[in-house]
Amino acid sequence: YIHRLHEQVVDRVDGHLLHGEPLEILRILHSGYIAQRMIVKQKLARNLHLARLSAEDTGSTAAALINVGRAERSAGNYEAAVESLRAAVDAVGATRPMRVLAMKTMIEALLPLRRFEEARSVLGELRRLSTKAVTVSQVEAAIRFYDLDFEGALAIVHAFPESETDAGVV
């Protein structure tokens with residue numbers, strides 16, 4: 001495997017990524033683990049540990065800081081997540097997609113802390129930077145939901161396009 005997170009299988013001899021022939025009839029999508037597997041494999045603690053090691057390896061690049069922030073958020077360490085994600089947004093070399101992902105994840109970490117004004121401020125930055133309206137709408141609905149504005153959250157959800165995705169989050 002290469003990288004500490006999101007491992008990819010490589011050739012044992014030369015270390016190159018293994019790629020086979022594309023199969024048009026088969027497409028595997030992996031979107032997570034069942035709760036029992038997360039517990040048995042201690043995925044949250046493991047991912048956080050690996051993300052921190054990766055950040056040490058790379059000198060805290062924007063990508064590494066985002067991975068640490070996402071792992072901190074998943075582990076319930078919301079303050080640490082916000083700190084790492086804010087650093088990712090400000091990191092030299094952070095691309096627009098990286099900043100969008102960091103802001104989106106930062107908002108998700110601010111909500112359990114009930115820091116709604118700060119989340120709305122980051123949402124304003126996200127709105128100016130993101131090129132996908134659904135990315136912004138999704139996060140805005142979450143802010144309203146956490147702030148107990150269920151009617152406002154539902155109105156945003158009702159306005160979601162039928163087939164849009166935030167894949168790529170930009």
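**Figure 1. Sequence separation of contacts and overall fold of the predicted model.** In this predicted model, residues 24 or more positions apart account for 50% of the contacts in the protein with a separation of 6 or more. The protein contains 8 helices and 0 strands, and its elements follow the order α-α-α-α-α-α-α-α from the N terminus on. Of its 170 residues, 31% count as buried.

**Figure 2. The largest nonpolar core and the elements that supply it.** This core comprises 27 residues, of which Met-106, Ile-107, Leu-123, Leu-126 and Ile-143 touch the most other members. Two or more residues are given to the core by each of helix H3 (62-74), helix H4 (78-90), helix H5 (96-110), helix H6 (116-129) and helix H7 (133-146). H5 provides the largest share, with 7 residues. Apart from this core lies another one, of 6 residues, including Ala-51, Ala-55, Ala-64 and Val-68.

**Figure 3. Surroundings of Leu-123, a member of the largest nonpolar core.** When neighbours within four places in sequence are left aside, Leu-123 is in contact with Ile-107, Val-136, Val-139, Glu-140 and Ile-143. Among these partners, Ile-107 and Ile-143 belong, like Leu-123 itself, to the residues that touch the most other members of the core.

**Figure 4. Packing of helix H3 against helix H4.** The axes of H3 and H4 come within 8 Å and cross at roughly 160°. Because angles over 145 degrees count as roughly antiparallel, H3 is roughly antiparallel to H4. H3 passes H4 in a left-handed crossing. On the H3 side, the contact is made by Ala-62, Leu-65, Ile-66, Val-68, Gly-69, Arg-70, Glu-72 and Arg-73. On the H4 side, the contributing residues are Tyr-78, Ala-80, Ala-81, Ser-84, Leu-85, Ala-87 and Ala-88. Divided by class, the contact of H3 with H4 has 10 nonpolar, 2 polar and 3 charged residues. Val-68, which takes part in this contact, is also one of the residues of the 6-residue core.

**Figure 5. Environment of Arg-86 in helix H4.** Arg-86 has a relative accessibility of 33% and therefore counts as partly exposed. Its contacts, leaving aside neighbours within four places in sequence, are with Met-106, Arg-115 and Glu-118. Met-106 is in turn among the residues of the largest nonpolar core that touch the most other members. The C-alpha atoms of Arg-86 and Ala-102 are separated by 7.4 Å, although the two residues are 16 residues apart along the chain.

**Figure 6. Packing of helix H7 against helix H8.** H7 and H8 (residues 150-158) pack at an angle of about 160°, and their axes are 7 Å apart. The two helices are therefore roughly antiparallel to each other, and their crossing is left-handed. H7 contributes Ser-137, Glu-140, Ala-141, Arg-144 and Phe-145 to the contact, and H8 contributes Phe-150, Gly-152, Ala-153, Ile-156 and Val-157. These residues divide into 6 nonpolar, 2 polar and 2 charged. Glu-140 of H7 takes part in this contact and is also in contact with Leu-123.

**Figure 7. Positive phi values at two loop residues, Arg-114 and Leu-148.** Arg-114 is found in the loop between H5 and H6, and its phi is near 60°, a positive value in a residue other than glycine. At 51% relative accessibility, Arg-114 counts as exposed. Leu-148 occupies a place in the loop between H7 and H8. Although Leu-148 is not a glycine, its phi is positive, at about 65°. With a relative accessibility of 57%, Leu-148 also counts as exposed.

**Figure 8. Val-134 of helix H7 and its C-alpha separation from Phe-160.** Val-134 has 11% relative accessibility and so counts as buried, the cut-off for that class being under 20%. Val-134 and Phe-160 are 26 residues apart along the chain, and their C-alpha atoms are separated by 7.0 Å.

Key:
Residues are numbered from 1 along each chain as its sequence is written. This is a predicted model: local features need pLDDT of at least 70, side-chain atom pairs count only at pLDDT 80 or more; totals for chains, interfaces and linings use all residues. Side-chain values use heavy atoms; hydrogens and water are left out. A nonpolar core is a set of buried Ala, Val, Leu, Ile, Met, Phe, Trp, Tyr and Cys residues joined through side-chain atoms within 4.5 Å. Buried means under 20% relative accessible area, exposed over 50%, partly exposed in between (1.4 Å probe, protein chains only). Helices (H or I, at least four residues) and strands (E, at least two) are DSSP runs, numbered from the N terminus. Contact means heavy atoms within 4.5 Å. Axes are lines fitted to C-alpha atoms, for helices over the stretch in contact, and angles run from 0 to 180 degrees between N-to-C directions. Angles under 35 degrees count as roughly parallel, over 145 as roughly antiparallel, 65 to 115 as roughly perpendicular and the rest as oblique. A crossing is left-handed if the near helix is turned anticlockwise from the far one by less than a right angle, and right-handed if clockwise. Ala, Val, Leu, Ile, Met, Phe, Trp, Tyr, Cys and Pro count as nonpolar, Asp, Glu, Lys and Arg as charged, and the others, Gly among them, as polar.
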